[in-house]
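Work through the exercises below with the sequence and the structure in view. Each task is followed by a solution in steps.

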Amino acid sequence: ANTITLAVSTIIMASPSLPLNDIASFQIKLKPKMYLYSSLHKVSNPSQLAKKLKKDGNLALISAKRLVGLNQLYCAANLSVDRRNPTWDTVFAVAASSHLGHVLKDYAFIPAEANDASTPAVEDGEEATVVVFQMSDDTTAETYKGWLDHHGLDKKTMISSDIDDYFVDRLTKKEVRQELKSLYKLTDQELESSSLESCILTKIATKMM
């Protein structure tokens with residue numbers, strides 16, 4: 001419970017540094033020797049990319065439209081830092097659902113089992129905006145950038161804008177806020193007393209208790 005409280009209470013004050021252009025860096029509060037590196041990309045066939053990243057294990061991705069902002073990813077990273085694969089465990093921690101198969105399909109584009117008739121997060125060939133990230137004990141983003149290059153995530157795919165600005169712009173749209181409210185099953189009463197971001201951070205932290 002103390003871990004949950006610390007993760008939520010310190011996240012709101014987080015602010016990323018930018019050691020390399022377009023790459024956001026956070027030092028993990030619960031394990032200061034660990035860092036979260038992330039960047040924003042537009043990719044084709046995200047399910048194919050996600051399967052490659054998961055097999056490799058060094059990078060993960062999340063659908064940008066499922067996040068309220070980078071603080072949500074940072075909160076999830078704090079909650080996952082001591083797990084076996086903190087990068088991919090962060091994908092589970094960031095999600096509204098507690099069903100691993102649904103999380104991988106809806107947040108990380110990894111197809112569900114063949115007998116699952118539910119709608120895929122994105123059809124093959126469609127583009128998607130994703131946040132790619134890594135948990136690492138490297139103190140600079142150079143190694144992270146090397147992994148991006150290894151997987152073809154270069155300047156052609158990177159969205160060259162401040163990641164925080166991207167999410168701030170998204171949240172100006174009423175339909176986006178409503179979609180996130182529905183996704184994380186938030187009530188009007190919850191949103192009367194706290195911001196959308198605070199409610200979502202509390203929701204995912206509570207899930208991991």
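**Exercise 1. The largest pocket**

Task: State which residues line the largest pocket of this predicted model, which elements give two or more residues to the lining, and how the lining divides by class.

Solution. Step 1: The lining consists of Lys42, Val43, Ser44, Asn45, Gln48, Leu49, Lys52, His151, Gly152, Leu153 and Thr157. Step 2: Two elements, strand S3 (35-44) and H2, each give two or more residues to this lining. Step 3: Sorted by class, the lining holds six polar, three nonpolar and two charged residues. Step 4: The volume of the largest pocket is about 210 Å³.

**Exercise 2. Strand pairing**

Task: Find the strands that pair with S3 and the strand that pairs with S4, and give the sense of each pairing.

Solution. Step 1: S3 pairs with strand S2 (residues 23-27) through four bridges, in the antiparallel sense. In this pairing, Gln27 has Tyr35 of S3 as its bridge partner. Step 2: S3 also runs antiparallel to S5, to which 10 bridges join it. Here Tyr37 is placed opposite Gln134 of S5. Step 3: S4 and S5 are antiparallel too, with four bridges between them. Opposite Leu61 stands Val132 in S5.

**Exercise 3. Covered strands**

Task: Decide whether S3 is largely enclosed or open, and name the residues on each side of S4.

Solution. Step 1: A residue is buried when its relative accessible area is under 20%. Step 2: In S3, eight of the 10 residues are buried, so the rest of the structure largely encloses this strand. Step 3: In a regular strand the side chains alternate between the two faces of the sheet. Step 4: In S4, Ala60 and Ile62 lie on one side, Leu61 and Ser63 lie on the other, and all are buried, which leaves both faces covered.

**Exercise 4. Three helices**

Task: For H3, H4 and H5, list the buried residues, and for H4 and H5 name elements that cover them.

Solution. Step 1: H3 has 11 buried residues out of 11. They are Leu70, Asn71, Gln72, Leu73, Tyr74, Cys75, Ala76, Ala77, Asn78, Leu79 and Ser80. Step 2: Helix H4 (residues 86-94) is mostly covered, with seven of its nine residues buried. These are Pro86, Thr87, Trp88, Thr90, Val91, Ala93 and Val94. Their cover includes helix H2 (46-56), strand S4 (60-63), helix H3 (70-80), helix H5 (100-108), strand S5 (127-136) and helix H10 (196-207). Step 3: In H5, Val103, Leu104, Lys105, Asp106, Tyr107 and Ala108 are buried. The cover here includes H2, S4, H4 and helix H8 (174-183). Step 4: Phe109, just after H5, has a positive phi of about 65°.

**Exercise 5. Cysteines**

Task: How many disulfides are there, and why do Cys75 and Cys199 count as buried?

Solution. Step 1: A disulfide requires two cysteine sulfur atoms within 2.5 Å. By this rule, the count is zero. Step 2: Cys75 counts as buried because its relative accessibility is 0%. Step 3: Cys199 counts as buried because its relative accessibility is 8%.

**Exercise 6. The whole protein**

Task: Give the numbers of helices and strands, the buried share and the share of contacts that join residues at least 24 apart.

Solution. Step 1: There are 10 helices and five strands in the protein. Step 2: Buried residues make up 47% of its 209 residues. Step 3: Of the contacts between residues at least 6 apart in sequence, 72% join residues at least 24 apart.

How values were computed: Residues numbered from 1 in each chain as written. Predicted model: local features only at pLDDT ≥ 70, side-chain atom pairs only at ≥ 80, totals over all residues. Heavy atoms only, no water. Buried < 20%, exposed > 50% of the residue type's maximum accessible area, 1.4 Å probe, protein only. Contact = heavy atoms within 4.5 Å. 1 Å grid on protein atoms, 1.4 Å probe; cavity = no way out; pocket = protein on both sides within 12 Å on 5 of 7 lines; lining within 4 Å. Points joined across faces, edges and corners; volume = space filled by probe spheres on them. Nonpolar A, V, L, I, M, F, W, Y, C, P; charged D, E, K, R; others polar. Pairing = 2+ DSSP bridges.
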